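Colleague: I should like to learn how to read the local features of a model such as this one. Could we go through them in turn?

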Amino acid sequence: MKKQLILMTMAATLLTSCGGSKTTTTAEADKFDYTVEQFADLQILRYKVPGFEELTLKQKELIYYLTEAALEGRDILFDQNGKYNLRIRRMLEAVYTNYQGDKTTPDFKNMEVYLKRVWFSNGIHHHYGAEKFVPNFSQEFLKQAVLGIDAKLLPLAKGQTAEQLCAELFPVIFDPTVMPKRVNQADGEDLVLTSACNYYDGVTQKEAESFYGALKDPKDETPVSYGLNSRLVKENGKLEEKVWKVGGLYTQAIEKIVYWLRKAEGVAENEAQKAVITKLIQFYETGNLKDFDEYAILWVKDLDSRIDFVNGFTESYGDPLGMKASWESLVNFKDLESTHRTEIISSNAQWFEDHSPVDKSFKKEKVKGVSAKVITAAILAGDLYPATAIGINLPNANWIRAHHGSKSVTIGNITDAYNKAAHGNGFNEEFVYSDAEIQLIDAYSDLTDELHTDLHECLGHGSGKLLPGVDPDALKAYGSTIEEARADLFGLYYVADPKLVELGLLSSPDAYKAQYYTYLMNGLMTQLVRIEPGNTVEEAHMRNRQLIARWVFEKGAADKVVELVKKDGKTYVVINDYQKVRELFGELLAEIQRIKSTGDFEGARSLVENYAVKVDPALHAEVLERYKKLNLAPYKGFVNPKYELVTDENGNVTDVTVSYDEGYVEQMMRYSTDYSPLPSINN
């Protein structure tokens with residue numbers, strides 16, 4: 001489970017408190033340009049990979065091969081996000097590269113922005129809100145541009161003409177009623193039929209739920225993650241899975257991934273890591289979900305390797321039913337200095353579980369295998385690129401967590417890049433109520449935000465248990481929101497605990513107030529900058545944050561625990577009783593853990609629909625207007641570093657170099673040229 005960055009838009013200061021992530025000096029930071037470009041609602045950043053040069057040659061080589069394996073999966077995510085995405089991307093890239101007309105016209109410039117958005121979102125739907133982009137160029141312009149280039153450069157189906165390609169793809173691009181949402185979460189609708197994602201074909205929600213429900217054995221204590229690595233289709237009236245594996249769907253990309261994994265296998269740091277890679281290759285070759293579980297167990301037990309990675313079908317946020325996993329990859333290595341913070345937290349996991357405010361019957365009697373570390377990302381790929389999480393906790397299978405534990409990571413250099421790029425952007429001055437709160441945020445926010453991420457990933461997702469016989473998918477479409485709320489609340493409850501001061505993780509008992517203020521401000525107000533006027537909240541992490549903030553606001557209203565007040569005609573969040581806020585966080589955590597542990601679908605539905613979905617239109621309009629004046633982008637993502645092998649005259653690897661000077665368009669076009677093995681149509 002991932003925790004997206006909550007406060008991407010907030011001004012961030014350099015970490016100065018003890019226990020914070022290692023940061024570069026001011027002089028070093030001045031030499032590195034973290035910002036690349038800004039367009040639409042997006043800002044593109046770059047990140048450094050500190051410590052890479054100090055790795056051994058074998059470790060660098062391992063990172064290189066794992067990075068190549070990561071980049072080969074890019075097309076898979078595009079196709080998973082929508083059946084027309086690859087064809088649309090390739091058509092637009094052909095026009096962008098080969099157009100002979102005036103490239104300074106508004107139509108061409110707007111098409112360029114549209115293509116940049118398609119790259120960023122790995123498809124034609126917003127990466128976060130899931131709604132389809134609105135093109136700001138005309139159909140006639142695009143048609144003439146398409147017809148004006150060599151048809152051999154276009155992603156034509158067999159026997160198709162350029163005219164027919166336009167007729168097929170233009171409604172998908174331009175008609176707002178065609179595939180309007182990548183993931184629809186609207187209560188009462190058929191979530192499968194109304195979602196544009198490419199995980200189902202010709203199948204209704206009821207049919208999909210019945211198909212997988214029939215496969216499950218309630219008595220199976222180690223169930224596989226049914227549906228995780230396949231597309232469910234109906235052919236000749238019969239439901240069947242098209243499995244993503246070598247020889248199956250997406251084989252052209254998976255074969256390339258396996259090739260580079262075999263190269264990585266040959267330079268693994270130790271036998272445990274080699275076994276992980278070997279088992280992952282086996283899973284890709286068989287598509288067998290038992291192999292996937294065995295790989296996950298080996299991976300979670302490999303704690304000695306400095307280099308680590310995620311590669312495969314991982315998170316299920318892109319499936320409206322929360323079962324099928326998008327492809328992603330992250331290659332990283334441990335930040336030895338900063339990991340000390342997470343090791344303190346994980347070594348006290350049992351204490352945190354025992355003192356949780358949830359009912360005893362829902363707690364784990366013995367917390368097993370909780371490991372946590374701060375990592376340095378070497379490459380982001382698939383569903384972690386260009387937009388990425390700042391923390392990850394895996395594996396997702398509940399029984400593996402219970403029996404074998406989990407790995408939690410905080411991505412230190414990504415957080416550092418966000419902070420450096422956001423410094424002094426004016427956000428706090430516009431939205432924070434007074435100097436008192438700003439001083440708290442300046443002093444503690446970076447550290448408390450990191451600690452909240454650590455607690456969320458390391459302990460929150462791994463806390464609690466399902467009661468015997470409860471289906472892990474019982475909460476259905478509400479499962480992701482409830483799970484993220486559960487982990488967030490665990491972190492919020494404990495970031496204010498005196499235990500953190502006792503453990504030396506915080507220097508002041510008041511530090512938590514910075515996290516409480518920024519979290520509630522975000523959930524009640526400022527995350528609304530990510531939503532178009534008239535829309536509701538759809539994305540699971542946004543729903544989670546609004547659910548928590550609105551619930552606390554409502555339950556504390558009689559005592560004015562948290563208020564929305566007016567000052568100079570502007571709305572601000574004011575917290576009058578921080579300790580009472582903590583109590584309310586604890587009460588909500590207890591209820592959400594009950595819902596999770598018992599599989600209470602109606603309880604989940606009630607919480608989400610009542611607190612997480614609806615938007616106050618007047619407040620929304622105000623927040624958008626105030627934010628617009630700051631000229632900031634509410635969403636941020638990254639270009640990757642570029643790695644190159646250095647070899648001698650005999651072909652022996654002598655070094656791996658890393659560079660940071662590649663631009664956004666340059667990188668995207670290179671990836672589309674060098675890492676695009678899938679055909680345009682994948683059936």
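Modeller: Let us begin with a single side chain: Tyr671 is buried, with a relative accessible area of 2%. Please bear in mind throughout that the model is predicted.

Colleague: How is the label "buried" to be read, and which ring is paired with that of Tyr671?

Modeller: Buried means under 20% relative accessible area. The search of the whole structure for aromatic pairs returns 42. In one of them, the ring centres of Tyr385 and Tyr671 are 5.7 Å apart and the planes make 50 degrees, so this pair is tilted. Tyr385 belongs to the loop between β9 (370-382) and β10 (389-394), while Tyr671 belongs to helix α25 (residues 664-674), so the pair ties together parts that are 286 residues apart in sequence. Tyr385 is also buried, at 4% relative accessible area.

Colleague: What is the geometry of the pair formed by Tyr516 and Phe585?

Modeller: Planes over 60 degrees apart count as edge-to-face. For Tyr516 and Phe585 the planes stand at 90 degrees and the centres are 4.9 Å apart, so the pair is edge-to-face. Helix α20 (residues 512-524) carries Tyr516 and helix α22 (residues 578-598) carries Phe585, so parts 69 residues apart in sequence are tied together. Tyr516 is buried, with a relative accessible area of 0%, and Phe585 counts as buried at 0% relative accessibility.

Colleague: Which residues do ring pairs link into a cluster?

Modeller: The cluster consists of Tyr199, Trp244, Tyr250, Phe283, Tyr284, Phe292, Tyr295 and Phe313. Rings may also lie beneath a charge. Arg530 lies over the face of Tyr128, 4.6 Å from the ring centre, and the charged end of Arg550 sits over the ring of Phe553, at 5.8 Å from its centre.

Colleague: Where is Ala325 placed, and what does Ala325 touch?

Modeller: Ala325 is in the loop between β7 (307-315) and β8 (326-334), and it is buried with a relative accessible area of 0%. Leaving aside residues up to four places away in sequence, Ala325 touches Gln80, Tyr199, Leu228, Trp244, Phe313, Thr314, Glu315 and Ser316.

Colleague: Gln80 lies in helix α3. Is that helix enclosed or open to the outside?

Modeller: In general, an α-helix has 3.6 residues a turn, so residues three or four places apart point the same way. Accessibility is therefore worth reading residue by residue along a helix. In helix α3 (residues 74-81), 8 of the 8 residues are buried, so the helix is largely enclosed by the rest of the structure. The buried residues include the charged-type names Arg74, Asp75 and Asp79.Colleague: How should the order of strands in a sheet be read?

Modeller: The order lists strands as neighbours across the sheet. Here an open sheet of 3 strands has the order β4-β5-β6, with mixed pairing. β4 (200-201) and β6 (238-243) are at the edges with a single partner strand each, so one side of each is left without a neighbour in the sheet. Strand β5 (residues 230-235) and β6 run antiparallel and are joined by 6 bridges; Val233 stands opposite Glu240 in β6. Helix α8 (residues 205-215) packs on this sheet and touches β4, β5 and β6, its direction making about 115 degrees with that of β5.

Colleague: What forms the hairpin that contains Gly651 in its turn?

Modeller: The hairpin is formed by β15 and β16 with 5 residues between them, and Gly651 has a positive phi of about 85 degrees. Strand β15 (residues 642-647) and strand β16 (residues 653-659) pair in the antiparallel sense over 6 bridges, and Glu644 has Thr657 in β16 as its bridge partner.

Colleague: Which residues other than glycine have a positive phi, and are they buried or exposed?

Modeller: Two cases may be set side by side. Asn122, in the loop between α5 (106-121) and α6 (139-147), has a positive phi of about 55 degrees and counts as buried at 5% relative accessibility. Asn236, in the loop between β5 and β6, has phi near 55 degrees but is exposed, with a relative accessible area of 85%.

Colleague: Where are cis peptide bonds found?

Modeller: One joins Tyr385 and Pro386, with omega about -5 degrees; Pro386 lies in the loop between β9 and β10. The peptide bond from Leu394 to Pro395 is also cis, with omega near 0 degrees, and Pro395 is in the loop between β10 and α14 (398-404).

Colleague: Lastly, how many disulfides does a search of the whole structure find?

Modeller: A disulfide is a covalent bond between the sulfur atoms of two cysteines. The search finds 0 here. Cys166 is buried at 3% relative accessible area, and Cys458 counts as buried at 1%.

How values were computed
Residues numbered from 1 in each chain as written. Predicted model: local features only at pLDDT ≥ 70, side-chain atom pairs only at ≥ 80, totals over all residues. Heavy atoms only, no water. Buried < 20%, exposed > 50% of the residue type's maximum accessible area, 1.4 Å probe, protein only. Helix = DSSP H or I, 4+ residues; strand = E, 2+ residues; numbered from the N terminus. Disulfide = S-S within 2.5 Å. Pairing = 2+ DSSP bridges. Contact = heavy atoms within 4.5 Å. Axes fitted to C-alpha atoms, helices over the stretch in contact; angles between N-to-C directions. Phe/Tyr/Trp six-rings, centres within 6.5 Å; stacked < 30°, edge-to-face > 60°. Lys NZ or Arg CZ within 6 Å of the ring centre and 35° of its normal.
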